[in-house]
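This report describes the fold of one protein chain, working from a single residue out to the whole model. Please keep the sequence and the 3D view open while reading.

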Amino acid sequence: MKTLKNIAAALLFVLSVSAFAAEQTQSNKSQIDAAVTTYIDALNYGKIKGLSAVLDQDLKFTVSQGQTILNYNKTQMIESLKAQENIVQNCKTDYTMIESNPGQAIAKVTMKYDGFSKVNFVTLSNTSKGWKITNISSSYN
């Protein structure tokens, strides 16, 4: 009988830990999706409200244009997007999650225009202030 109680207690412990882990994973996924969606809304629709909150203070934004590589910080990126506020891009945008773990995630955001595409690799980190975009690498195809 004592063995049965021990097995039941161990099983209950495993199930509660698994449920907690699944809840944490769903919460992380929701926060990551919200951050990426906010970023896409800023790029696609000029909706910059809330963008600053999902960008890390030390954000690095890199744009590859042929042999030229341009680097921007958070302030420069937001200033650039403010100039395009409420302007809707004529493109189709989608994103896929390349990798995600409890500490970091990488999403690929593709903006398809007529004749070319802009691809953004967006890195997010689980910081003490929640999930923040820490790095964006952009190129044109």
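## Surroundings of T123

Not counting residues up to four places away in sequence, T123 touches Q104, A105, I106, K132, I133, T134 and N135. The model is a predicted one, and T123 is found in its strand β5. T123 counts as buried because its relative accessibility is 14%, and the cut-off for buried is under 20%.

Strand β5 covers residues 116-127 and pairs with strand β4, residues 104-113, in the antiparallel sense over 10 bridges. Q104, one of the residues touched by T123, has S125 in β5 as its bridge partner. Strands of a sheet pair through backbone hydrogen bonds, either parallel or antiparallel.

## The sheet and the helix across it

The protein chain holds three helices and six strands. Read from the N terminus, its elements follow the order α-α-β-β-α-β-β-β-β. In space, six strands form an open sheet in the order β2-β1-β6-β5-β4-β3, and the pairing is mixed. At the edges are β2 (68-72) and β3 (92-100), each of which pairs on one side only. From one strand to the next, the twist averages 20°.

Helix α3, residues 74-82, lies across β1 (55-65), β2 and β6 (130-140). The direction of α3 is at about 70° to β1.

## The nonpolar core

Which residues have the most contacts inside the largest nonpolar core? They are Y39, M77, L124 and I133, in a core of 28 residues. At least two residues of this core come from each of α1 (2-45), α2 (51-54), β1, α3, β4, β5 and β6. The largest share, seven residues, is supplied by α1.

Leaving aside neighbours within four places in sequence, M77 is in contact with Y39, L55, L59, F61 and I136. Y39 is thus a contact of M77 and also one of the residues with the most contacts inside the core. I133, another of that group, is touched by T123.

## S52 and helix α2

S52 lies in helix α2. Beyond residues up to four places away in sequence, S52 touches K74 and I78. S52 and K74 are 22 residues apart along the chain, and their C-alpha atoms are separated by 8.0 Å. S52 counts as partly exposed because its relative accessibility is 38%.

## Whole-chain values and confidence

The table gives values for the protein chain.

| Property | Value |
|---|---|
| Buried residues | 33% of the 141 residues |
| Contacts joining residues at least 24 apart, among contacts between residues at least 6 apart in sequence | 43% |
| Accessible surface | about 9,100 Å² |
| Part of that surface belonging to carbon and sulfur atoms | 55% |
| Average pLDDT | 85 |
| Residues with pLDDT of at least 70 | 82% |

Where in the protein chain is confidence lowest, and where is it highest? Confidence is lowest in α1, with a mean of 67, and highest in β4, at 97. Over residues 10-24, pLDDT stays under 50, and the model has zero contacts beyond four places in sequence for them. Helix α1, with its mean of 67, also supplies the largest share of the core described above.

Note on methods: Residues numbered from 1 in each chain as written. Predicted model: local features only at pLDDT ≥ 70, side-chain atom pairs only at ≥ 80, totals over all residues. Heavy atoms only, no water. Pairing = 2+ DSSP bridges. Helix = DSSP H or I, 4+ residues; strand = E, 2+ residues; numbered from the N terminus. Axes fitted to C-alpha atoms, helices over the stretch in contact; angles between N-to-C directions. Contact = heavy atoms within 4.5 Å. Core = buried A, V, L, I, M, F, W, Y, C linked by side-chain atoms within 4.5 Å. Buried < 20%, exposed > 50% of the residue type's maximum accessible area, 1.4 Å probe, protein only. pLDDT = per-residue confidence, 0-100. Areas by Shrake-Rupley, 256 points an atom, 1.4 Å probe, with all protein chains shown as cover.
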